[in-house]
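Got your viewer open and a selection box ready? Let's walk through this one stop by stop.

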Amino acid sequence: MNILHNFTPRVTLLPFHRPSITEGDRQAVARVLDSQWLTTGPEAAAFEREFAAYVGASHAVAVSSCTAGLHLVLRGLGIGSGVPVGEDEVIVPTMTFTATASEVLHAGGRVVLADIDPLTFNLSAGGVAEVARPSVRGVVFVHLAGNPSRLDVTRDWADQHELFVLEDAAHALPAMLHTRRVGSISDATVFSFYATKPLCASEGGMITTEDSVLAERVRTMSCHGVDRDTYRRSRTALAHYDVVEGGYKANLPDLLAALGRSQLARQDVLWARRTRIAGAYVKALGDDPAVARFQYVEPDVISAWHLFLVVLNLDALTISRDRFAEELRALNIATSLHYRPLHRHTYWAELLRDGTRVRGPKSFPHADWLYERLLSLPIFPDMTDEDVEDVIRTVQYVSRRFRR
């Protein structure tokens, strides 16, 4: 009972996330400002080379966002080309951000929602098998919270059925499966550099692939379908170019690429700090009756620990997950939720009922069970040991206060 009588909350709010910005990051951005070349150019090219080397990929293409990258890859792989809209089906886990699925629709494909594994929270082989049929062209794996999906379990099946495997690795830098980094494993992988992601460039993304033809095509499509980018054209007397296919505006400017390069150089350090925070949470909260479990990280994978997910034991509490989060917030600990399953959002639920552009099973028992209990705790590299202890103490206090 001591924790109830002796608990003192934080004086200031601990945010759910705060980007780690150094003087080196500021100097990198200033260098580009001083160069007066702000759009896509030598910094973006260098970022691509360095990123490909870091993850072990043959090709990397910098883009304006992970969302744009997913769209470009799906188009590059032929989704929506040469068939009536909606005949190319792509399997997507329901436990993801809306962009993973929406880009399948925007590319002209049909979304096939699948349930998740109840332990890893990722797309499972069983979930894939439940919704598979001949019209399926590919599978998008989402490495939720930075925990890699078991691609090896479904890869042979995908190869036998001539399906592509695309990884939404928005959370997964620098995760590993066996001895390989995410980004060097499947047909294509797309990363995010949004403000809250492991590598923060404020916005942006990166496509990695072993397929040189796909890499060249998505690069061309990322800048209006033009065969020579602005930087190369600026180095000639007269900027002739040819539009070789329909394209999009999805290139990454040098201003953001420079920040990305600076952040990339610190990825191992940033990951190590997140890993230590995750370890502290597991050690301190693992025996708390209010915590049912954590996301399971299998022995042969390494999580990026972009997020730290807690599954609350509602049977041991007198309050809901939402109320638990509100109590933490009132005590100056911010949390978040990743994610509300797609089939529980109005837009996707209506499309699923219609069945024309989205299909899936009649129920998603694992995702639904998880959603009611899931909570994301703060985990960012600039958290101090005192911050981490504040999170632990506050979770334990709320747990004890509202225990059955």
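Below is a tour that begins with the whole chain and then goes to sheets, strands and a few single residues.

**The whole chain**

Keep in mind that this is a predicted model. Show everything as a cartoon first: you should find 15 helices and 14 strands. The radius of gyration is 22 Å, close to the 22 Å that the globule rule gives for 404 residues, so the protein is as compact as a globular protein of that length. If you turn the C-alpha trace onto its principal axes, it spans about 75 × 55 × 35 Å.

Now switch on a surface. The accessible area comes to about 17,100 Å², and carbon and sulfur atoms own 53% of that. Underneath, buried residues make up 55% of the 404 residues. Take the contacts with a separation of 6 or more: residues 24 or more positions apart account for 74% of them. Colour by charge next, and you get 43 positive and 48 negative side chains, with the centres of the two sets 4 Å apart.

**The eight-strand sheet**

Back to the cartoon. Select the strands in the order E1-E9-E8-E5-E4-E2-E3-E13 and you have an open sheet of eight strands with mixed pairing. Which strands stand at the edges? They are E1 (59-63) and E13 (358-359); each has a single partner strand, so one side of each is left without a neighbour in the sheet.

Inside this sheet, pick residues 136-142 and 164-168, which are E4 and E5. These two strands run parallel and are joined by five bridges. For one pair to label, take Val139, whose bridge partner in E5 is Val165.

**The three-strand sheet**

Next, select E7, E6 and E11. They form an open sheet in the order E7-E6-E11, with antiparallel pairing. The edge strands here are E7 (180-181) and E11 (301-302), each pairing on one side only. E6 covers residues 176-177 and pairs with E7 over two bridges in the antiparallel sense. Label Met176 and look across to its bridge partner in E7, Arg181.

**A covered strand: E12**

Select residues 308-312. This is E12, and five of its five residues are buried. In a regular strand, side chains alternate between the two faces of the sheet. Show sticks and you can check both sides here: Phe308, Val310 and Leu312 are on one, Leu309 and Val311 are on the other, and all are buried.

Then add the strands that pair with E12. E10 (residues 291-294) is joined to E12 by three bridges and runs antiparallel to it; Phe294 is opposite Val310. E14 (residues 374-377) is also antiparallel to E12, with four bridges. What is the bridge partner of Phe308 in E14? Label Leu377 to see it.

**Two cis peptide bonds**

Now for some backbone geometry. Zoom in on Leu173 and Pro174: the peptide bond from Leu173 to Pro174 is cis, with omega near 5°. Pro174 lies in the loop between E5 and E6, so stay there if you still have those strands coloured. The other one is the bond from His338 to Tyr339, also cis, with omega near 0°. Tyr339 is in the loop between helix H12 (321-330) and helix H13 (346-354).

**Two positive phi values**

Run a Ramachandran check and pick out Phe121. Its phi is near 70°, a positive value in a residue other than glycine. Phe121 belongs to the loop between strand E3 (110-114) and helix H6 (125-131). Is Phe121 buried or exposed? At 1% relative accessibility, Phe121 counts as buried.

Glu162 also has a positive phi, near 55°, and is not a glycine either. You'll find Glu162 in the loop between helix H7 (151-160) and E5. With 72% relative accessibility, Glu162 counts as exposed.

**Last stop: Val213**

Finally, select Val213, in helix H8 (residues 212-221). Val213 has a relative accessible area of 63%, which means that it is exposed. Add Gly76 to the selection and draw a distance between the C-alpha atoms: Val213 and Gly76 are 9.1 Å apart in space, with their positions 137 residues apart in sequence.

How values were computed
Residues are numbered from 1 along each chain as its sequence is written. This is a predicted model: local features need pLDDT of at least 70, side-chain atom pairs count only at pLDDT 80 or more; totals for chains, interfaces and linings use all residues. Side-chain values use heavy atoms; hydrogens and water are left out. The radius of gyration is taken over C-alpha atoms; the globule rule is 2.2 Å times the number of residues to the power 0.38. Buried means under 20% relative accessible area, exposed over 50%, partly exposed in between (1.4 Å probe, protein chains only). Contact means heavy atoms within 4.5 Å. Accessible areas come from the Shrake-Rupley method with a 1.4 Å probe; for residues, only the protein chains shown count as cover. Lys and Arg count as positive and Asp and Glu as negative; His and the chain ends are not counted. The place of a charge is taken as NZ of Lys, CZ of Arg, CG of Asp or CD of Glu. Two strands pair if DSSP finds at least two bridges between them.
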